[in-house]
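This report introduces a structure to a reader who has not met it before. The sequence and the model are shown first, and a short account of selected features follows.

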Amino acid sequence: MSDIFKLVMKRLGLGLVTLLVVSILIFFAVELLPGDIAQAVLGQGATEETVATLRERMGLNDPAIVRYLDWLGGAVRGDFGVSLISGGSVGDAITQRFLNTLFLATYAAVIAVPFAIVLGVLVALMRDTLFDRAANILTLTSISSPEFFLGYVLILYLSVKTGWFPAISSLSAGMSFGELLERTFLPALTLVLVVTAHMMRMTRAAIINLLASPYIEMARLKGMPPWKVIVKHALPNAWAPIINVVALNLAYLITGVVLVEVVFVYPGIGQLLVDAVAKRDFPIVQACCLIFAATFILLNLAADVGSILTNPRLRHPK
Amino acid sequence: MSKKNQAQLDRLADAARQGRISRRDFMHYSVAAGLTATTATGLWTTKAAAQPKSGGNFRWGLHDGNTSDTHDPGTYVTRQNIFLAHTHRSYLTMIMGDGSLGPDLADSWEANDDATEWTFDLNQEAAFHSGKPVTADDVIASLNHHRGDDTTSAAKALLTDVSDIAKDGDHTIVVTLSRGNADLPWLMTDYHFAICPANDDGTIDWQSGDGSGPYKIDSGEWGVQFTLSRHDGWHREGAYFDTVEILTLNDPNARQTALVTGDVHAVSLIELKTMGLLQRDPNLDIHNVPSAAAITMPMFCDQAPFDNVDVRNAMKLAMNRDEIIEKITFGAATKANDFHHSPAQPYYPEGIPQRDYDPDQARSLLQKAGAEGLTVNLSAADSVYAGAVDMAVLYAEQARAAGININVVREPNDGYYSDVWLTKPFCLVSWGARPTPDVMYTLAYKDDAAWNESHWQNERFNELLLQAKSELDESLRAEMYAEMATLARDDGGTIIPFFNNFVYANRANVGTPEELAASWENDGARAASRWWFTD
């Protein structure tokens with residue numbers, strides 16, 4: 001076990017370095033955008049005088065490197081600064097939005113992961129049947145369509161034509177959990193459709209790969225029913241690649257949902273990031289991007305640890 | 001009256017109550033159904049135009065909101081800012097449904113003879129949501145928020161002529177101007193001049209979101225949603241809904257489906273492309289309101305080739321406005337005539353000949369100017385107006401018939417107003433509605449204005465502008481604006497293809513007044529306090 005602990009620590013250390021590099025890239029990318037925050041805030045109504053006053057007030061007259069180091073100094077102490085526009089703390093601005101995004105991602109993952117894996121096992125079992133073909137075609141079609149298009153199709157059929165679900169996911173305080181699930185069902189379903197194919201196909205491929213192994217043949221020869229062969233013998237050896245794909249898709253559910261949030265007007269972190277970039281509100285952009293980067297780093301780490309733990313050969317190296 | 005006619009009248013009255021037909025239509029059909037005009041008028045007042053009813057939760061979807069918006073009136077810029085401000089804050093004056101100027105916080109106002117001193121008497125009943133009465137100090141602090149050297153307000157330019165604001169008792173303020181301005185009470189409707197509670201040091205407390213408007217904010221998050229409830233004891237008529245929810249719905253499709261499925265009761269903008277389809281839905285009412293918002297195409301008058309007035313007029317003549325209105329705005333626009341004064345503004349000059357498409361005359365003007373085969377670049381971006389780039393391309397095609405080559409340059413949406421506008425010699429610009437011609441001309445056509453987008457210098461025009469500004473005689477003013485319009489049309493450097501209409505919609509169970517204010521979408525942004533539920 002100590003090997004795993006060492007690996008986790010090493011990876012976390014590397015992760016921190018990655019985050020530092022990301023923060024530098026983001027800061028200078030925002031700097032490179034045309035116009036600055038003072039112009040963005042004042043918009044068409046900007047005059048030279050008001051822009052200058054606002055720049056002074058926001059401390060934009062310091063050189064970029066000084067502003068970056070100021071921010072970094074705060075960030076290492078856990079203070080991500082204040083929004084340049086509203087003056088509110090970045091933590092406050094982001095917390096609720098990030099929780100909303102996590103909720104939607106969890107909702108979608110709770111449906112998608114079991115669904116995709118069970119479906120993957122089933123189609124592996126019924127390889128080359130009509131069911132296999134149909135499942136493949138449907139999931140590949142849904143992954144190949146852009147999310148916003150899937151969202152519109154779902155809205156058209158499940159909301160406008162039938163009225164079963166609300167078309168927009170506006171949340172309000174005091175909603176019951178049931179209402180919340182109903183309000184967010186369509187965006188969650190859109191995400192499920194987007195991520196299912198990848199996980200399902202990987203499960204299918206990993207299992208079919210194993211089905212040619214001699215030990216599976218042995219299991220079959222001794223008269224085991226096919227579902228048992230797959231669940232008891234094939235699946236345990238197939239976990240490593242499946243876990244990797246699941247982790248990648250979970251990360252996508254958190255970081256890649258901007259379009260879904262826009263289509264369903266869901267108040268998540270993606271929408272916040274887009275707004276902040278439009279206004280050049282650097283502290284918010286930085287914090288959102290770091291959350292996204294950290295999500296990828298942690299989920300990749302979890303995937304690696306997961307595949308080690310499911311593989312006895314890696315768990316007990318010689 | 002026959003039974004059939006009676007049934008028809010009942011239906012008409014019903015439709016009128018729900019606001020689906022106007023008074024004019026009601027009269028027309030009633031008379032057709034066999035009533036005399038007098039009876040029909042009586043019926044309209046007693047039956048159809050029933051009193052608005054109170055109650056209900058009004059869900060209102062807006063098309064333009066950002067997470068980084070704030071309550072600071074000086075940096076109001078999005079519809080979310082502006083519509084919320086008209087719901088939870090007050091202004092000194094307001095634009096009424098018929099386009100006239102009405103009272104809000106100020107009960108009455110009057111000027112001295114040369115309009116250099118204005119006195120506003122404040123309503124004694126008005127109070128902030130916190131319970132504090134609205135006094136002269138609050139108004140003075142709120143206006144001063146946009147004045148002075150260290151202000152960051154986008155409305156600073158509107159108040160540069162104000163030299164002093166003083167109080168005369170708790171409920172009277174006196175505004176002194178260095179130059180007379182007959183439009184000052186109109187200016188006070190500008191969305192930046194929301195009245196906030198004053199702090200002791202003369203600044204304002206905008207951060208708390210307190211105001212004295214018809215609704216108070218219960219909770220809210222910028223870019224997402226605000227929940228408001230009625231402010232009991234609001235100082236004006238209206239505010240029929242018990243509660244109001246303002247949702248930011250930036251995505252056109254989300255806005256449309258929310259309206260169609262009844263998730264919201266009104267939206268501030270619908271896509272012109274789907275306007276025709278939505279009109280067929282009996283559950284929806286579509287409003288198509290001519291406004292003072294405009295698309296302009298300024299040409300730098302101090303730069304070749306636009307420094308020649310014949311070239312400028314050739315450019316104006318090379319545009320087929322009817323085709324542009326039909327194809328780009330789907331008919332939801334009012335044809336303009338190259339002067340920035342809309343029929344939706346006061347003092348509109350009637351009788352100035354409309355400039356139409358005339359490629360032959362354009363060609364001969366170019367010959368006269370010695371500029372045949374003229375080639376110019378036209379900058380545009382779709383963030384200016386939905387279809388702005390298409391419009392530029394269409395104009396380029398039309399101008400080809402006059403021998404003008406226009407290269408359409410697609411500019412990035414982002415930063416258009418800092419990098420293209422006022423920088424490129426010929427571009428497309430979108431202007432919001434301004435209350436009076438004076439405000440518009442002063443902002444963008446005056447010789448020394450920071451936003452004189454066409455660099456146009458015309459002595460007579462500027463002389464008239466200053467005269468008209470302080471002229472309190474309305475008919476004299478109207479004459480001056482007519483002359484200025486002609487000057488702008490025939491000498492100015494700005495092509496104005498059209499004034500874009502406000503196109504918005506609500507569910508059929510929402511009652512709306514017969515006349516809708518044209519200062520903003522949704523009845524001058526005041527739907528929350530002017531509309532009601534009919535069921």
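## A buried residue with positive phi

In this predicted model, A:Val265 has a relative accessible area of 18%, and the residue therefore counts as buried, since the cut-off for that class is under 20%. The backbone at A:Val265 also deserves attention: phi is positive, at about 50°, although the residue is not a glycine.

A:Val265 lies in the loop that links α12 (258-264) to α13 of chain A. The second of these helices, α13(A), takes part in the helix packing described next.

## Packing of α13 and α14 in chain A

Two packed helices are described by the angle between their axes and the distance between the axes. For helix α13 (residues 269-279) and helix α14 (residues 282-309) of chain A, the angle is about 140° and the axes are 9 Å apart. Because of this angle, α13(A) is oblique to α14(A); the class of roughly antiparallel begins over 145 degrees. The crossing of α13(A) past α14(A) is left-handed.

On the side of α13(A), the contact is formed by A:Ile269, A:Leu272, A:Leu273, A:Ala276 and A:Val277. On the side of α14(A), the participants are A:Ile284, A:Val285, A:Cys288, A:Cys289, A:Ile291 and A:Phe292. How do the residues of this contact divide into nonpolar, polar and charged? There are 11 nonpolar residues, with no polar and no charged ones.

## Chain A as a whole

Chain A contains 15 helices and zero strands. The C-alpha trace of the chain spans about 85 × 60 × 35 Å along its principal axes.

Of the 318 residues in chain A, 46% count as buried, A:Val265 being one of the buried residues. The chain exposes about 15700 Å², of which carbon and sulfur atoms supply 69%. When contacts between residues at least 6 apart in the sequence of chain A are considered, 74% join residues at least 24 apart.

## Two loops of chain B

Chain B also has a residue other than glycine with a positive phi: for B:Ala239 the value is near 60°. This residue is placed in the loop between β9 (225-230) and β10 (243-248) of chain B. Is B:Ala239 buried or exposed? Its relative accessibility is 5%, so B:Ala239 counts as buried.

Another loop of chain B, between β13 (294-298) and α9 (309-317), holds B:Pro305. The peptide bond leading from B:Ala304 to B:Pro305 is cis, with omega near 0°.

Terms used
Residues are numbered from 1 along each chain as its sequence is written. Chains are lettered from A and ligands numbered from 1 in the order in which they are written. This is a predicted model: local features need pLDDT of at least 70, side-chain atom pairs count only at pLDDT 80 or more; totals for chains, interfaces and linings use all residues. Side-chain values use heavy atoms; hydrogens and water are left out. Axes are lines fitted to C-alpha atoms, for helices over the stretch in contact, and angles run from 0 to 180 degrees between N-to-C directions. Helices (H or I, at least four residues) and strands (E, at least two) are DSSP runs, numbered from the N terminus. Angles under 35 degrees count as roughly parallel, over 145 as roughly antiparallel, 65 to 115 as roughly perpendicular and the rest as oblique. A crossing is left-handed if the near helix is turned anticlockwise from the far one by less than a right angle, and right-handed if clockwise. Contact means heavy atoms within 4.5 Å. Ala, Val, Leu, Ile, Met, Phe, Trp, Tyr, Cys and Pro count as nonpolar, Asp, Glu, Lys and Arg as charged, and the others, Gly among them, as polar. Buried means under 20% relative accessible area, exposed over 50%, partly exposed in between (1.4 Å probe, protein chains only). Accessible areas come from the Shrake-Rupley method with a 1.4 Å probe; for residues, only the protein chains shown count as cover.
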